[in-house]
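Biologist: I am new to this structure and would like a close look at one part of it, side chains included. Please start with the term I need in order to read the pairing, and then go through the contacts step by step.

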Amino acid sequence: ENKNNQSKKLIKTMEKDQTDILEERLIDAEYKIWKKNTPYLYDVCMTHSLEWPSLTCQWMPNKTNNSSHGVNTQTLLLGTHTSPGEQNYVMIAQVELPTAEQATQNAKYDDETKEAGGF
């Protein structure tokens, strides 16, 4: 009977692993669909992966215009949302956003990279 319980636990673990893999594939597929459609949904979309998700995001009022490079630099305040036992922290980031003219020029979809823009 002990071997039977171990077998049941092993099967449940394998089923959970399979479910996790399928969920990850679904999330990845949905992300790729979203990313392909971003040019139709947004004027500008820039992504950057963080180690931890950020539930706090605040644009700071300071803004620097660098028209010679076609960008505006703005400060962004991010707060982490970590797992229990991990230290939360505040991160200050500098974001270079394209000017309206630059964003319009780069709004082309590239079939090879499957991305829009080039900023």
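Modeller: Two strands are said to pair if DSSP finds at least two bridges between them, and strands are numbered from the N terminus. With that in hand, Cys57 can be placed: Cys57 stands opposite Leu78, a residue of strand 2. Please keep in mind that this is a predicted model.

The pairing of strand 1 with strand 2 is antiparallel and runs over nine bridges. These two strands belong to an open sheet of three strands, arranged in the order 1-2-3 with antiparallel pairing. Strand 1 (54-66) and strand 3 (90-98) are the edge strands, each pairing on one side only. From one strand to the next, the twist averages 25 degrees.

Strand 2 covers residues 71-80, and Gln74 has its place there. Is Gln74 buried or exposed? Its relative accessibility is 17%, and buried means under 20%, so Gln74 counts as buried. A polar atom of the Gln74 side chain lies 3.1 Å from the backbone oxygen of Met60. Leaving aside residues up to four places away in sequence, Gln74 touches Trp59, Met60, Asn62 and Lys63, and also Ala93, Gln94, Val95 and Leu97. Met60 therefore appears twice in the account of Gln74, as the owner of that backbone oxygen and as one of the residues touched.

The helix can be read in a similar way, beginning with its charged side chains. Side chains of opposite charge can pair when their charged atoms come close. The structure holds two salt bridges. One of them joins the side chains of Asp20 and Lys16, with 3.3 Å from N to O. Both residues lie in helix 1, four residues apart, and that spacing is about one turn of the helix. Asp20 is partly exposed at 29% relative accessibility, while Lys16, at 51%, counts as exposed.

Another salt bridge links Lys32 with Asp28, where the closest N and O atoms are 3.5 Å apart. Lys32 and Asp28 are four residues apart in helix 1, so about one helical turn separates them. Lys32 has a relative accessibility of 53% and counts as exposed, whereas Asp28, at 38%, is partly exposed.

Next come the aromatic residues. A pair of aromatic rings is described by the distance of the centres and the angle of the planes. The structure holds two aromatic pairs. In one of them, the ring centres of Tyr31 and Trp34 are 5.7 Å apart and the planes meet at 35 degrees, so the pair is tilted. The reasoning rests on the cut-offs: planes under 30 degrees apart count as stacked and those over 60 as edge-to-face, so the rest are tilted.

Where do Tyr31 and Trp34 sit along helix 1? Helix 1 takes in residues 2-41, and Tyr31 and Trp34 are three residues apart in it, which means that about one helical turn separates them. Tyr31 is partly exposed, its relative accessible area being 36%. Trp34 also counts as partly exposed, with a relative accessibility of 28%. Tyr31 and Trp34 form one aromatic cluster together with Tyr42.

To return to the starting point, Cys57 stands opposite Leu78, and the strands 1 and 2 pair in the antiparallel sense.

Key:
Residues are numbered from 1 along each chain as its sequence is written. This is a predicted model: local features need pLDDT of at least 70, side-chain atom pairs count only at pLDDT 80 or more; totals for chains, interfaces and linings use all residues. Side-chain values use heavy atoms; hydrogens and water are left out. Rings of Phe, Tyr and Trp (its six-membered ring) pair if their centres lie within 6.5 Å; planes under 30 degrees apart count as stacked, over 60 as edge-to-face and the rest as tilted. Buried means under 20% relative accessible area, exposed over 50%, partly exposed in between (1.4 Å probe, protein chains only). A salt bridge is a side-chain nitrogen of Lys or Arg within 4 Å of a carboxyl oxygen of Asp or Glu. A polar contact is a pair of N or O atoms within 3.5 Å; within protein, one must be able to donate a hydrogen and the other to accept it, and residues adjacent in sequence count only if both atoms are side-chain atoms. Contact means heavy atoms within 4.5 Å. Axes are lines fitted to C-alpha atoms, for helices over the stretch in contact, and angles run from 0 to 180 degrees between N-to-C directions.
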